[in-house]
There are 2 protein chains.
Amino acid sequence: MPTPQRTSLAEIVAAGREVLESGGPGRVTMQAVAERVGVRPPSLYKRVRDREALLTLIAAATLQELQERLAAQDSLAGMAHAYRNFAHERPEGFRLLSTRSASAEDLARASAPVLAAARAAVGEADALEAARFMTAWLTGFISMELAGAFRLGGDLDRAFAYGIDRVSAALAG
Amino acid sequence: MPTPQRTSLAEIVAAGREVLESGGPGRVTMQAVAERVGVRPPSLYKRVRDREALLTLIAAATLQELQERLAAQDSLAGMAHAYRNFAHERPEGFRLLSTRSASAEDLARASAPVLAAARAAVGEADALEAARFMTAWLTGFISMELAGAFRLGGDLDRAFAYGIDRVSAALAG
DNA sequence: ACCTGAACACCGTTCAAGT
DNA sequence: ACCTGAACACCGTTCAAGT
């Protein structure tokens with residue numbers, strides 16, 4: 001007589017993301033996640049290899065959501081704001097992305113929207129480098145902002161707008 | 001009869017940095033660090049409040065070394081290369097910096113060299129935003145490089161040079 | 001098939017007892 | 001004063017036994 005399933009992989013990953021945002025990666029224990037989905041810790045191992053794998057799944061889900069947000073934009077400036085808004089909504093998830101590397105497919109998919117916008121802005125030949133330039137600045141700005149590295153005064157919204165302006169100028173030149 | 005000191009705070013932090021680089025933050029256990037300095041784990045608590053505090057001390061020492069490297073340069077391009085070289089030498093330490101926020105003093109000290117170079121390049125009025133722009137791009141590029149996020153082809157050294165060029169152009173414009 | 005309690009290893013941390 | 005062994009709590013993980 002099979003026991004009925006009491007949870008699912010999707011539910012486990014979703015619970016992991018919630019725990020992550022509410023308390024940081026240290027709080028993402030098998031116990032906390034199991035409790036949240038209403039199961040005992042050992043049961044998680046039926047769907048997830050180990051804690052490491054769970055964190056990787058959480059990162060992948062986060063990257064996918066980010067990619068969907070970016071794909072809904074059509075300009076580099078729009079994407080920049082979507083990117084930053086996402087990071088403010090899910091700071092822990094955003095940070096997790098820089099810790100664990102995505103699969104080649106997920107990476108390519110997430111890069112596509114920015115690459116397309118870069119192609120439209122600077123042409124085929126320089127699209128890759130332009131996309132990297134933009135993404136690097138964006139990632140750096142946001143991660144420094146989240147880490148509290150911008151405490152020398154000034155308005156961060158204005159600094160962000162200044163940066164977008166400078167990136168556009170750099171790519172146009 | 002006092003027992004002689006068998007270690008010191010500096011030695012503990014240095015040992016922690018070594019363990020960090022050789023195995024990532026997960027390997028920085030009180031046991032591993034204690035063993036490296038030749039002491040039992042409970043003895044570490046005489047000099048360090050807890051593991052969290054040890055990681056913060058490791059980050060502070062890393063930031064100080066980075067600051068010294070930057071201060072030895074006088075151009076923004078020179079600093080960019082020094083920054084990247086440092087990150088390649090101590091990838092785990094570099095990553096740790098984005099996780100834990102520095103004290104206001106350490107942050108100000110580490111920012112000073114870049115700020116001075118930015119002032120020389122664009123003048124007093126825009127120095128802060130220019131320094132932020134430069135640092136954001138640099139931090140983003142390097143952390144993406146370390147995270148393996150640049151796997152769409154192309155030469156990374158060339159992409160880095162392209163970026164420095166674009167940053168300079170953006171700040172000049 | 002999936003779920004669970006029991007068990008084990010490992011780590012952070014405290015503390016009383018040693019020198 | 002500083003160091004240590006012993007002890008405790010907590011977590012990841014495995015596995016045999018339940019349904």
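Let me start with one residue, A:Thr135, which is found in helix α8 of chain A. Keep in mind that this is a predicted model. Is A:Thr135 buried or exposed? Its relative accessibility is 15%, and buried means under 20%, so A:Thr135 counts as buried. Which residues does it touch, leaving aside neighbours within four places in sequence? They are A:Tyr83, A:Val114 and B:Met144. The last of these belongs to chain B, which brings me to the interface.

Between the two chains, 39 residues of chain B are in contact with 39 residues of chain A. As a general point, the size of an interface is often given as the accessible area lost when the parts come together. Here the area buried between chain B and chain A is about 3400 Å². Carbon and sulfur atoms give 62% of that area. On the chain B side, three residues supply 21% of the area buried against chain A: B:Glu129, B:Arg132 and B:Leu152. No other three residues of chain B supply more.

Next, the second largest pocket. Its volume is about 640 Å³. Of the 35 residues lining this pocket, the closest to its centre are A:Leu63, A:Tyr83, A:Leu107, B:Met144 and B:Ala149. Two of those names, A:Tyr83 and B:Met144, you have already heard as contacts of A:Thr135. Which elements give two or more residues to the lining? From chain A they are α4 (51–71), α6 (91–99), α7 (104–122) and α8 (127–147), and from chain B, α8 (127–147). By class, the lining has 20 nonpolar residues, 10 polar and five charged.

Now to helix α4 of chain B, residues 51–71. This helix has 21 residues and reaches 30 Å from its first C-alpha to its last, close to the 30 Å expected at 1.5 Å a residue. Its buried residues include B:Leu54, B:Leu55, B:Ile58, B:Thr62, B:Glu65 and B:Leu66. In general, an α-helix has 3.6 residues a turn, so residues three or four places apart point the same way. What do the buried residues of α4(B) pack against? The partners are α1 (9–23), α2 (30–37), α5 (76–89), α6 (91–99) and α7 (104–122) of chain B.

Last, a loop residue back in chain A. A:Ala72 is found in the loop between α4 and α5 (76–89). With a relative accessible area of 64%, A:Ala72 is exposed. A:Ala72 and A:Ala82 are 10 residues apart in sequence, and their C-alpha atoms are 9.0 Å apart in space.

Note on methods: Residues are numbered from 1 along each chain as its sequence is written. Chains are lettered from A and ligands numbered from 1 in the order in which they are written. This is a predicted model: local features need pLDDT of at least 70, side-chain atom pairs count only at pLDDT 80 or more; totals for chains, interfaces and linings use all residues. Side-chain values use heavy atoms; hydrogens and water are left out. On a 1 Å grid over the protein atoms alone, a cavity is a set of points where a 1.4 Å probe fits but cannot get out, and a pocket is an open set with protein on both sides within 12 Å along at least five of seven lines; lining residues have an atom within 4 Å of a point. Grid points are joined across faces, edges and corners, and a volume is the space filled by probe spheres set on the points. Helices (H or I, at least four residues) and strands (E, at least two) are DSSP runs, numbered from the N terminus. Ala, Val, Leu, Ile, Met, Phe, Trp, Tyr, Cys and Pro count as nonpolar, Asp, Glu, Lys and Arg as charged, and the others, Gly among them, as polar. The expected span of a helix is 1.5 Å times one less than its number of residues. Buried means under 20% relative accessible area, exposed over 50%, partly exposed in between (1.4 Å probe, protein chains only). Contact means heavy atoms within 4.5 Å. Buried area is the accessible area (1.4 Å probe) that two parts lose on being put together, summed over both.
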